[in-house]
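I opened this notebook to keep a record of what I looked up in one model, entry by entry. My interest was in the domains, the sheet, the helix crossings and the surroundings of the ligand.

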Amino acid sequence: MAFDKSVYELAENEIKSRRFSAENRVRFRTEEVERKIPEIAEINRQLAHTSVELSKLILQKTGNFRESFDKIKDQNIQGQEMIAKLLIKGGYPEDYLAPVYTCPVCCDKGYYDGHRCSCFDKLLNRFAVEKLNAEANMPNCDFGHFSLSYYQGKTDSNGTDCYQKMSENLDYCKGYAEKFSRNSPSLFLLGKTGVGKTHISLSIAKEVTEHGFTAAYGSILNYLRIIEKEHFGRAEDSSADTMQVLINTDLLILDDLGSEFQTGFYESALYNIINSRINLGLPTIISSNLSVPELQKRYNDRVISRIFGVYTMLMFVGEDVRQIKRLRGEI
Ligand SMILES: Nc1ncnc2c1ncn2[C@@H]1O[C@H](COP(=O)(O)OP(=O)(O)O)[C@@H](O)[C@H]1O
Ligand SMILES: [Mg+2]
Ligand SMILES: [Zn+2]
């Protein structure tokens with residue numbers, strides 16, 4: 001999967017800084033321990049000497065290579081064992097000087113066994129998602145800023161008590177964010193403009209991200225435009241593959257289904273994203289201002305039946321919160 005250059009750079013820098021801090025920690029600890037336990041300093045000096053010997057040996061490849069190599073190796077093991085004993089005697093844990101890498105598989109090198117390590121792939125995905133998210137900026141969209149007061153005393157056209165319904169939705173979404181995993185269900189948030197669908201979706205994205213997952217959030221319109229540009233080779237960085245980033249992120253939020261233009265390319269790109277994520281068992285949250293009959297009229301049956309068959313529906317009700325805020329003089 002391809003990523004753009006800036007994403008690779010960010011991931012490489014992160015890996016480097018992880019390795020640097022793991023190695024730095026060892027350096028600090030070594031200095032500390034050598035000051036307190038001079039015998040360890042002496043053993044380390046000898047070990048440094050043997051490693052120089054070893055390099056010479058490898059370069060020269062003399063006749064008794066094997067024998068000398070084994071001797072140096074034994075000296076090394078003995079030295080390490082002595083250090084471990086001295087550490088314990090000095091009140092330190094035996095592994096006090098061992099490097100602690102974020103990824104023990106590749107020791108924070110990013111590559112393992114000639115392949116890109118999965119920790120590197122994860123970082124690439126995370127930075128690609130962050131880059132996409134930077135375009136969808138909505139401040140204060142978190143659970144703490146979501147108030148049920150805007151739904152109080154209101155009843156929708158079906159006679160539903162808006163406060164009651166939205167309080168259930170809020171509880172459900174808070175629980176969803178708290179317990180989120182890559183196996184969480186997909187959600188379909190339906191309701192009129194301004195009733196809080198985007199606000200709640202971003203609140204979930206925020207909390208899920210705080211738990212260490214990658215959550216891509218953006219309007220369908222925007223995502224499809226980016227994908228279209230990349231597909232037809234008009235993107236600034238032609239190596240980026242936003243479609244794949246959206247398919248693989250832990251959580252994908254597709255905001256405002258129905259706001260995009262109706263073209264064959266958009267519809268098939270959308271179907272591909274939704275369908276691929278269902279096949280991978282990954283959760284997606286879609287929101288729309290359209291009603292169910294409007295959605296059925298607008299979209300090909302294969303898209304809509306896929307969504308209705310798999311997603312959990314949440315009906316959002318109430319009046320346009322922006323207007324209420326304006327009337328209350330809050331904005
Ligand atoms: N329950 C709420 N509490 C506080 N602000 C809200 C609430 N619902 C919506 N808003 C705010 O009102 C505006 C419109 O809400 P939004 O979530 O974009 O609606 P929708 O996506 O349903 O059209 C946003 O600025 C949002 O932050
Ligand atoms: Mg919205
Ligand atoms: Zn790794």
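The entries below follow the order in which I went through the model, which is a predicted one.

**Entry: domains.** I began with the division of the chain, and I found domain 1 spanning residues 5–118 and domain 2 spanning residues 135–327. I then looked up how far apart the two lie, and the C-alpha centres of domain 1 and domain 2 are 49 Å from each other.

**Entry: sheet.** I asked myself in which order the strands of the open sheet are arranged. I read the order of its 5 strands as β4-β5-β6-β3-β7, and the pairing is parallel. The edges are taken by β4 (215–219) and β7 (312–315), and because each has a single partner strand, one side of each is left without a neighbour in the sheet. I also noted the turn between neighbouring strands of this sheet, which is 15 degrees on average with direction ignored.

I then followed one pair of strands in detail: β3, made of residues 187–190, pairs with β7 in the parallel sense over 4 bridges. Within this part of the sheet I noted leucine 189, which stands opposite leucine 314 of β7.

**Entry: helix crossings.** I looked first at α5 (residues 162–178) and α6, whose axes come within 8 Å and cross at roughly 25 degrees. Since angles under 35 degrees count as roughly parallel, I wrote down α5 as roughly parallel to α6. The handedness of the crossing of α5 and α6 is right-handed.

I turned next to α1 (residues 5–36) and α4 (residues 118–133), where the axes come within 9 Å and cross at roughly 130 degrees. That angle makes α1 oblique to α4, and I recorded the crossing in which α1 passes α4 as right-handed.

**Entry: ligand 1.** Which residues come nearest to ligand 1? Of the 16 residues around ligand 1, I listed Gly196, Lys197, Thr198, His199 and Val321 as the nearest. The elements that contribute two or more residues to this shell are α6 (197–210) and α12 (321–327), and the largest share, 3 residues, comes from α6. I closed the entry with the composition of the shell around ligand 1, which I noted as 5 nonpolar, 9 polar and 2 charged residues.

Notes: Residues are numbered from 1 along each chain as its sequence is written. Chains are lettered from A and ligands numbered from 1 in the order in which they are written. This is a predicted model: local features need pLDDT of at least 70, side-chain atom pairs count only at pLDDT 80 or more; totals for chains, interfaces and linings use all residues. A residue is near a molecule or strand if its C-beta atom, placed from the backbone, lies within 6 Å of it. Ala, Val, Leu, Ile, Met, Phe, Trp, Tyr, Cys and Pro count as nonpolar, Asp, Glu, Lys and Arg as charged, and the others, Gly among them, as polar. Domain bounds come from an automatic or database domain assignment. Two strands pair if DSSP finds at least two bridges between them. Axes are lines fitted to C-alpha atoms, for helices over the stretch in contact, and angles run from 0 to 180 degrees between N-to-C directions. Angles under 35 degrees count as roughly parallel, over 145 as roughly antiparallel, 65 to 115 as roughly perpendicular and the rest as oblique. A crossing is left-handed if the near helix is turned anticlockwise from the far one by less than a right angle, and right-handed if clockwise.
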